[in-house]
Amino acid sequence: MAIKYSIGIIASVLFVACTARKTSTVSVVATDKQEIEAVQTVAAKPDYCSRMEQAGLVEIQTLSPNIKVCLPYGTSENFMGEPMYETDQYAYFQKDVAAMIVQAETYLHEQHPDYMLLIYDGARPLSVQQKMWNKVKNTVARYYVSPPNKKGLHNYGAAVDITIVDAYGEALDMGCGFDTFDSVAHIDNEKKLLQQGKLTQVQYNNRQLLRSIMRKAGFRTVSREWWHFNACTLQQAQAKYKLIE
Ligand SMILES: [Zn+2]
């Protein structure tokens, strides 16, 4: 399937693309590291951010600025081929969910002080879910997008798509990229994938590392996406949080 390969390749270069976009907003000539950092923070946040903040959500980097964010759905480099969000750089969550992610970061740093977390997706408003559904409903990709009437944890700000990057900003090799729609992305058959040579020991270990820190922080896994974690059950989310419109 074409999607399988294109998205995998895209995911491996995506973080670089987002980083480049962030620095491309710099229009002032900065001469040293401090100045560059200062200028980079000048770029205005899109309206999307104030809408999310009004909904009571928190932007993850306000809790931990070392957590990286690069949202494929905020770029054209996703399986829909166009941006679904106004931003690729701001990921929002319910406050307690964001705190769980920061806790996972602490667990990661206990083992690997130079590694960082990289967020691929967080809270996803229903309006965006609708936009995604409209785009894929007549294509094979419809199997990978929930219709807006079937609310998911992302729509409550209680799920995260996430990976780990090394000290050089390179995403760890997980055997396939974010949004790879293939059994190699599943977590319930990894031992078999390892035996079959479809995952290397390093890729297997990298997935184990991500899962161990996320589970320790209280997250739950889903079987078909190594990158996706739920902070609670759907029923708990419905009881605790407001749907993000
Ligand atoms: Zn997800």
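The paragraphs below walk through this structure from its overall make-up to its sheet, its core and one residue in a loop. The model is a predicted one, and its secondary structure comes to nine helices and seven strands. Of the 245 residues of the protein, 37% count as buried. If we consider the contacts in the protein with a separation of 6 or more, 72% of them are between residues 24 or more positions apart.

We can turn next to the strands. Five strands form an open sheet with mixed pairing, and their order across the sheet is β2-β4-β5-β7-β6. At its edges are β2, made of residues 68–69, and β6, made of residues 220–221, each of which pairs on one side only. The partner of β6 is strand β7, residues 228–230, to which β6 is joined by two bridges, and these two strands run antiparallel. Within this pairing, Thr221 stands opposite Phe229 in β7. Elsewhere on the sheet, helix α5, which covers residues 95–111, lies across β4 (116–121) and β5 (159–165), and the helix runs at about 145 degrees to β4.

Helix α5 also leads us to the interior. In soluble globular proteins, nonpolar side chains tend to be buried together. Here the largest nonpolar core has 52 residues, and those with the most contacts inside it are Tyr92, Phe93, Ile101, Leu117, Ile119, Ala158 and Ile162. At least two residues of this core are supplied by each of β3 (92–93), α5, β4, α6 (126–136), β5 and α8 (201–216), while α5 gives the most, with six residues. Tyr92 can serve as an example of how such a residue is surrounded: leaving aside its neighbours within four places in sequence, Tyr92 is in contact with Met52, Leu57, Val58, Glu59, Gly122, Ala123 and Gly157.

Finally, consider a residue in a loop, Ala55, which is found between α3 (47–54) and β1 (58–59). Is Ala55 buried or exposed? The answer lies between the two, because Ala55 has 17 other C-beta atoms within 10 Å and therefore counts as partly exposed, whereas a buried residue would need 20 or more and an exposed one would have 12 or fewer. Which residues does Ala55 contact, once its neighbours within four places in sequence are left aside? They are Lys242 and Ile244. Although Ala55 and Lys242 are 187 residues apart along the chain, their C-alpha atoms are separated by 8.3 Å.

Terms used: Residues numbered from 1 in each chain as written. Predicted model: local features only at pLDDT ≥ 70, side-chain atom pairs only at ≥ 80, totals over all residues. Helix = DSSP H or I, 4+ residues; strand = E, 2+ residues; numbered from the N terminus. Contact = placed C-beta atoms within 7 Å. Pairing = 2+ DSSP bridges. Axes fitted to C-alpha atoms, helices over the stretch in contact; angles between N-to-C directions. Core = buried A, V, L, I, M, F, W, Y, C linked by C-beta atoms within 7 Å.
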